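This briefing gathers a few local features of one structure, grouped by topic.

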Amino acid sequence: MKIKTILAVAVVGFATALAGCTSGQVFTSSYRTVRDAGYQIPPVPVSRLDRKYHRQVVKFETKEKPGTIIVDTGEKFLYFVMPEGKAMRYGIGVGRDGFTWSGTHRVTRKAEWPGWTPPAVMRARERAKGKILPAYMPGGLQNPLGARAMYIGSTIYRIHGSPEWNSIGRNVSSGCIRLINQDVIDLYNRVEVGAKVIVKR
């Protein structure tokens, strides 16, 4: 291999390392079956989920304090800021076209296996498409809010789990930030009520 080729490969490798910014463990093994509150959360077929969306510790420089949540809707990542220039990074699903948003808020409430009350406007919108949503759905494995929910300020939006692992990395929701159920349990255990939430487009 010529010297120029060797140097080119080295530069590309270095740039890739910087772009990935992975500095610690990748929690791929955490996506197995999980028993929680009497429910059995099924495993995620990790071979079918892009590795970049697997929960992992990454280098993350920010002026925000540890405990802050930063959501990058463009890249489909949620960062939980940790000390020493690191963050726990989670793959997410975000709002589809027409339902994207940004802003700074706080976590005002947390709930385990939350019930779901679709907003009237959502029920009307889906009814126009021929889909009837319930007025209320109790918590459970089929509930769209998944195993945990963190409510964002006075908005209608939440950071929540989802039984649809294949929605991660996509624009699919009505504005909420969704995570794999195994990931949302991990995030829920780290986040405190009152934590700052920054959502970026």
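The largest pocket of this predicted model is lined by 30 residues, and those lying nearest its centre are W116, M122, P144, S174 and R178. Its volume comes to about 680 Å³. The points below take up the make-up of that lining and then two buried residues, L133 and D36.

**Lining of the largest pocket**
- Sorted by class, the lining of the largest pocket comprises 15 nonpolar, 8 charged and 7 polar residues.
- Helix α2 (120–128) gives the largest share of this lining, with 4 residues.
- At least two lining residues are supplied by each of α2, β11 (158–162) and β12 (171–173).

**L133 and its surroundings**
- L133 sits in the loop that runs between α2 (120–128) and β10 (148–152).
- Because its relative accessibility is 11%, which falls under the 20% cut-off, L133 counts as buried.
- Apart from neighbours within four places in sequence, the residues in contact with L133 are W116, P118, M122, R123 and E126; of these, W116 and M122 are also among the residues nearest the centre of the largest pocket.
- The C-alpha atoms of L133 and M122 are 8.5 Å apart in space, and the two residues are 11 residues apart in sequence.

**D36 in strand β2**
- D36 belongs to strand β2, which covers residues 34–36.
- With a relative accessible area of 15%, and therefore under the 20% cut-off, D36 is buried.
- When residues up to four places away in sequence are not counted, D36 touches I41, W113, R148 and I185.

How values were computed:
Residues numbered from 1 in each chain as written. Predicted model: local features only at pLDDT ≥ 70, side-chain atom pairs only at ≥ 80, totals over all residues. Heavy atoms only, no water. Buried < 20%, exposed > 50% of the residue type's maximum accessible area, 1.4 Å probe, protein only. Contact = heavy atoms within 4.5 Å. 1 Å grid on protein atoms, 1.4 Å probe; cavity = no way out; pocket = protein on both sides within 12 Å on 5 of 7 lines; lining within 4 Å. Points joined across faces, edges and corners; volume = space filled by probe spheres on them. Nonpolar A, V, L, I, M, F, W, Y, C, P; charged D, E, K, R; others polar.
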